[in-house]
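Reader: Hello! Could you show me how to read a structure like this, one feature after another?

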Amino acid sequence: MLFAASTSSASSSDVSTLGSLNHRLLGHKSTMKIQLDNYYTNRVYTSSSRLSGHVAIEVGKDTHFDKVQILLLGTSRTRVDNVHHPQLTSHTFLKLEMPIPEASYPIPRLYEAGRIYNIPFNFTIPSQLTINACNHNIDTNAVHENHVCLPPSMGSWGGKDDFSPEMAHVDYSIVARLLGEEGESGKRFRIMEASQSVRVLPAYSEQPPLDITAHDKLYKMSKTKNLRKSILSAKAGTITVSAKQPGAVFLSPDGASASNSKAQLELVFEPASSQTLPPTPTGVTTKVTALTYFSSGAINGFPNMGDWVRSFGADSRGSYPCTTSLKSTAAQPVKWQQHIKHQARRDSGYASDSNSDSEHSSDQNRRRGSKSSHKGASPIYHTTTLQVPLDLPVHKKMFIPSFHSCILSRVYILWITVSLSTGGSSSSINLALPLQVGVHREDASTNPTGLPSFEVAIEDAEADDHLRPRTLRVPDVEFERHALPGYADVIAGRTAIAN
């Protein structure tokens, strides 16, 4: 070989020169690697988290270039299988670029073979997007406020199932590019590119309860059912079970734990006769459905409100439900309270001040039940409440927060089934309640890798000024759509997204 005659008597400079020549002649492969500080496989970033590190560049031969570009990208992707052909849509909702100081580049702009060049970067996960990140037609300002919040990572939680279908993805990644310039045209081309995916779980606060109407097909906040002591017996009475939207369940910033919440059920029993006793609750079972909405075009409202199935327009839409069971609640001893119906009070002329408060407090429950006051009906009704604890199995599943974005949404439905015993007969009644999942904001004082304090930032301003500037570019909100002719191309497109 050319350098086989080299001996140990050669000087260190000669060895260095020979090694450089050998490196170039053998055509060493060019590499670009992204190294994140304090990174590990299950690392989760949240609002205000720092993404710092460096890009290591090594070229196989001397390479002229124009610039190094380092980006933090957030992209959502959907696939809708409509009648004619599958359709892929991609929306880049976040594009942060790290400016590279001129002093970081060699003069001339030439990377030499055999050397490793390290370019530092430092990003901060924003709390929300720019106002113009969502500029399509919307129904209300509340929709826009939701669309400019960062969506959580979807479909990339490793061994944890986040209830996401193949048709819906949200990806965050650090992307580094070595760009050249094509002669007089000035159009840059990519010499090398590397990317590193990261998981992001943005902070989400609790939203006001939904205003659910009869037009909203997804939720059932109250239900009434006739009870019988046996199949052939006469009606024992009417039971009405109602509930309000339970409080939100909050995840920790890394998604590893969750707070507990509870739902309160109000039961109203109107007996067929005064001698009929109220039913006995024998148990409560609960389950949660994660419902993912996705569209090939911009969504202008809240898909879980109204009737999503009938809201088809020019864009194709789809939804994907996935259900998991929660811990069942054993039978609870309940105490029924007896009340006199307002009509019965009026007919008997009985209305004492001592009972006026009780009548007022139970008035809302009474209105939810049957209001029959015809001759022969029982003049009394009974009320009680049930507390249903909610404990999400976050150790097994990944419950990403409820969110609405331009082409994707995630909501949760809490299904509650109350089992009742009336004499020798048993029955059940079901409710479907909206359930919010939020994310607590990370406490910077307990996060050693989080943002520095204001005082520290001032002291370090000169030392790492080249890391501080960030350019927030308003992403192109025009959705990229691709119509695929067949399922072979769908599979190919899915592979491309995964890569």
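Author: Gladly, and let us begin with a term. A pocket is an open set of grid points with protein on both sides within 12 Å along at least five of seven lines, and a residue lines it if one of its atoms is within 4 Å of a point. Keep in mind that this is a predicted model.

Reader: Which residues lie nearest the centre of the second largest pocket?

Author: They are Asn 146, Gln 207, Pro 208, His 404 and Gln 436, out of 32 residues that line the second largest pocket. Its volume is about 730 Å³. Several elements give two or more residues to this lining: helix 2 (141-147), strand 20 (403-404), strand 21 (408-422), strand 22 (425-435) and strand 23 (437-439).

Reader: Strand 22 caught my eye. Is Leu 435, which has its place there, buried or exposed?

Author: Leu 435 counts as buried, because its relative accessibility is 4% and the cut-off for buried is under 20%. You can also look at what lies across from a residue in space. The C-alpha atoms of Leu 435 and Tyr 412 are separated by 5.3 Å, although the two residues are 23 residues apart along the chain.

Reader: Pockets are open. How many cavities of 30 Å³ or more are there?

Author: A cavity is a space where a probe fits but cannot get out. The count here is 4 cavities of 30 Å³ or more. The largest cavity holds about 50 Å³ of space. Its lining is made up of Ser 76, His 91, Phe 93, Leu 129, His 147, Pro 151, Ser 405 and Cys 406.

Reader: There is a cysteine in that list. How many disulfides does the structure have?

Author: First the general idea: a disulfide is a covalent bond between the sulfur atoms of two cysteines. In this model the count comes to 0 disulfides. Take Cys 134: its closest cysteine sulfur is in Cys 406, at 3.9 Å, which is too far for a bond, because a disulfide needs the sulfur atoms within 2.5 Å. Cys 134 is buried, with a relative accessible area of 3%, whereas Cys 149 is partly exposed at 24%.

Reader: Now a sheet, please. In what order do the strands of the open sheet with 3 strands run?

Author: The order is 1-3-8, with antiparallel pairing. Strand 1 (31-36) and strand 8 (116-124) are at the edges with a single partner strand each, so one side of each has no neighbour in the sheet. From one strand to the next, the twist averages 20°.

Reader: How many bridges join the strands?

Author: Strand 3 (residues 50-58) is joined to strand 8 by 9 bridges, and Arg 50 stands opposite Thr 124 of strand 8. Strand 1 and strand 3 pair over 6 bridges. There, Lys 33 has Ala 56 in strand 3 as its bridge partner. Strand 1 also has two faces: Met 32, Ile 34 and Leu 36 form the covered one, while Thr 31, Lys 33 and Gln 35 form the uncovered one.

Reader: What about aromatic rings?

Author: A pair of aromatic rings is described by the distance of the centres and the angle of the planes. The structure holds 7 aromatic pairs. Phe 121 and Phe 123 form a tilted one, with 6.0 Å centre to centre and 40° between the planes. Both residues count as buried: Phe 121 has a relative accessibility of 1%, and Phe 123 has 0%. One aromatic cluster is formed by Phe 65, Tyr 105, Tyr 111 and Tyr 117.

Reader: Last, the backbone. Which peptide bond is cis, with omega near -5°?

Author: Most residues other than glycine have a negative phi, and most peptide bonds are trans. Here the bond from Ile 107 to Pro 108 is cis. Pro 108 sits in the loop between strand 6 (86-98) and strand 7 (110-111).

Reader: And where is Asn 38, with its positive phi near 55°?

Author: Asn 38 lies in the loop between strand 1 and strand 2 (44-45). At 51% relative accessibility, Asn 38 is exposed. Ser 48 also has a positive phi, about 75°, although it is not a glycine. The loop between strand 2 and strand 3 holds Ser 48, which counts as partly exposed at 26% relative accessibility.

Technical notes. Residues are numbered from 1 along each chain as its sequence is written. This is a predicted model: local features need pLDDT of at least 70, side-chain atom pairs count only at pLDDT 80 or more; totals for chains, interfaces and linings use all residues. Side-chain values use heavy atoms; hydrogens and water are left out. Two strands pair if DSSP finds at least two bridges between them. Helices (H or I, at least four residues) and strands (E, at least two) are DSSP runs, numbered from the N terminus. Axes are lines fitted to C-alpha atoms, for helices over the stretch in contact, and angles run from 0 to 180 degrees between N-to-C directions. Buried means under 20% relative accessible area, exposed over 50%, partly exposed in between (1.4 Å probe, protein chains only). Rings of Phe, Tyr and Trp (its six-membered ring) pair if their centres lie within 6.5 Å; planes under 30 degrees apart count as stacked, over 60 as edge-to-face and the rest as tilted. On a 1 Å grid over the protein atoms alone, a cavity is a set of points where a 1.4 Å probe fits but cannot get out, and a pocket is an open set with protein on both sides within 12 Å along at least five of seven lines; lining residues have an atom within 4 Å of a point. Grid points are joined across faces, edges and corners, and a volume is the space filled by probe spheres set on the points.
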